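Student: Please give me a close look at the enclosed and open spaces in this model. I am new to it, so start with the overall picture.

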Amino acid sequence: MTPDMLIAATICLPVITAAGIAAAGKFPNLREGITLIGAFGLFAVVIQLTLLVAGGARPELYIGETVPGLAFAFKLEPLGALFAVVASGLWIVNSFYSIGYMRGNRERNQTRFYICFALALCGAMGVAMAGNLFTLFVFYEVLTLSTYPLVAHKGDAAAQRGARIYLLTLLGTSIGFLLTAIMWTWVLAGQNLDFVEGGLLANANLSPFVSSALLLLFVFGVGKAALMPFHFWLPNAMVAPTPVSALLHAVAVVKAGVFAVMKISVYIFGDELLYATPSREFLMGVACVTIVLASLIAMTKDNLKARLAYSTIAQLAYVTLGAMLADRAGVLGGSLQIAAHAVGKMTLFMCAGAIYVATGLTNISDMKGLGRKMPLVFIAFFIAALSIIGIPPLAGDWPKYELMQGAIDAQYDWVPMVLIVSSMLNIAYLLPIPILALMPPPGTKPPKEFKRPGGAPWLTVAAPLFTAALCFVLFFMVDNVADFLAPAFTSVDIDPEVNIP
């Protein structure tokens, strides 16, 4: 297949898969078989494209202009390829996990669930491969709309309320702020919205006020990045089934948000304009406040999914922080966080789901000693927690290292202190969960009996064990990933001693 056909396949395969799922809705085995075939097929196509990008190619697909100056186009570069590999690869894992979870928990409307999941991956692939801001915006909204039914899946009052908050927040920020920023960029860049190496607006001679206002609109307009104060949709979306939580927090939704922030920083602003934009430092401060405050709130939550939700808000802010550092190490650290956090946080959510399917427990205080009945689940949780904390040899170590290096290079000596405090808070709200489950204090009451004969379905245990192993694998692959991403950051080499006008 030619490169343009491969890009078309990445967009069309999830849609074809969704249609196949709908047609096979009355036959669960066939329906889930189609889901797996679609997931494996998409990953295979993405890998082919990624190999082309690694060889120096930049696959493109031009569809046409909707109106003069607004082209519907795709172009894959290293940063987008990384996001596409993460999203498509983890769709496979989540599909296996979903089969075990949805059947084990006897969830209703499973056909609708798998259809929306496939359409969400279409949105994620479109975001990853967008060649301009217009295309990115369209697929960003596809992702929002396709995941709304997933958040509302249970259909009760809490699910409907959470879904409304989810939809209104994400549509409100994207239409109110992001779309405004895109239209403003279109005017400033002479009716051009393309992602350009070095920055589309690098030579636009923007005043500090204009560049600051535009950057604020872009960053806060990407509500999926969950930067405070536009973070509240994410904890409210925890009413969804656990596979949806994994999708929201690891596979597609939030990663599409922080990916968009990173791509706009690198390809719309560029390093020099971004570094000279006054609001950049304000957004660094907002990211650091989000990191600390969300972690403190996480410590107060007894509900496991709620604690993980606030943990996600804190961890996502790492990517925004890396983008706003505007130097090579910072941008690399933020990019590595997209992959490292994906496998770590997906593991944690899948463990939470396995616990719920087996026991019906949702509160951490009720899980003491449960690790003796579910040791593999809590061992996977322990490994993923260490990765989120940043302990080597696990994937989460490298992003923090690069972010600290980037902050030191850019002479922001207070940023490493924020990251150290963040790791200490990660320890405080994550490690007691597996430790008390595996090694309860003397006199602890026996854990609750399994509500499901045999405990958690084996797929809900195997999936988090696999992603926990990936935390080790990614640690040792960091050189390969950094070399792959390097061409995207060739222009990001700011010297803080240089006074940029």
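Tutor: Start with the contacts. Of those with a separation of 6 or more, 81% join residues 24 or more positions apart in the chain. A contact here means heavy atoms within 4.5 Å. This is a predicted model: local features need pLDDT of at least 70, side-chain atom pairs count only at pLDDT 80 or more, and totals for chains, interfaces and linings use all residues. Residues are numbered from 1 along each chain as its sequence is written, and side-chain values use heavy atoms, with hydrogens and water left out.

Now the overall build. The chain holds 19 helices and two strands. Both are DSSP runs numbered from the N terminus: helices are H or I with at least four residues, strands E with at least two. The C-alpha trace spans about 65 × 55 × 45 Å along its principal axes. The radius of gyration is 22 Å, which agrees with the value near 23 Å for a compact globule of 501 residues. That radius is taken over C-alpha atoms, and the globule rule is 2.2 Å times the number of residues to the power 0.38. Of the 501 residues, 61% are buried. Buried means under 20% relative accessible area, exposed over 50%, and partly exposed in between, with a 1.4 Å probe and protein chains only.

How far can you trust it? Confidence is given as pLDDT, the predictor's score for each residue, from 0 to 100. The chain averages 89, and 97% of its residues reach 70 or more. Helix α14 (residues 375-389) has the highest mean, 95, and helix α9 (residues 242-251) the lowest, 74. Over residues 494-501 the pLDDT is below 50, and this stretch has 14 contacts beyond near neighbours in sequence. Where pLDDT is low, the predicted coordinates should not be read in detail.

Next, the cavities. The search uses a 1 Å grid over the protein atoms alone. A cavity is a set of points where a 1.4 Å probe fits but cannot get out. A pocket is an open set with protein on both sides within 12 Å along at least five of seven lines. Lining residues have an atom within 4 Å of a point. Grid points are joined across faces, edges and corners, and a volume is the space filled by probe spheres set on the points.

There are six cavities of 30 Å³ or more. The largest has a volume of about 90 Å³. Its lining is Leu-336, Ala-339, Ala-340, Ala-395, Trp-398, Pro-399, Leu-474, Phe-475, Val-478 and Val-481. Four helices give two or more residues each: α13 (328-359), α15 (397-409), α18 (458-476) and α19 (478-485). The largest share, three residues, comes from α13. The lining has ten nonpolar residues, no polar and no charged ones. Nonpolar covers Ala, Val, Leu, Ile, Met, Phe, Trp, Tyr, Cys and Pro; charged covers Asp, Glu, Lys and Arg; the others, Gly among them, are polar.

Now the open space. The largest pocket holds about 590 Å³. Of its 22 lining residues, the closest to its centre are Phe-43, Val-85, Val-86, Leu-474 and Met-477. Leu-474 also lines the largest cavity. At least two pocket-lining residues come from each of α2, α3 (78-104), α13, α18 and α19. Helix α3 gives the largest share, seven residues. The pocket lining divides into 19 nonpolar, three polar and no charged residues.

Last, a few loops. Between α14 and α15 sits Ile-391. Ile-391 is partly exposed because its relative accessible area is 34%. Not counting residues up to four places away in sequence, Ile-391 touches Leu-386 and Asp-397. Pro-393 lies in the loop between α14 and α15 too. A cis peptide bond joins Pro-392 and Pro-393, with omega about 5°. Another cis bond runs from Met-228 to Pro-229, with omega near 10°. Pro-229 lies in the loop between α7 (208-221) and α8 (233-236).

Past α15, the loop to α16 (414-430) holds Gln-411. Phi of Gln-411 is near 65°, a positive value in a residue other than glycine. Gln-411 is partly exposed, at 47% relative accessible area. Towards the start of the chain, Phe-27 sits between α1 (3-23) and α2 (28-54). Phe-27 is exposed, since its relative accessible area is 53%.
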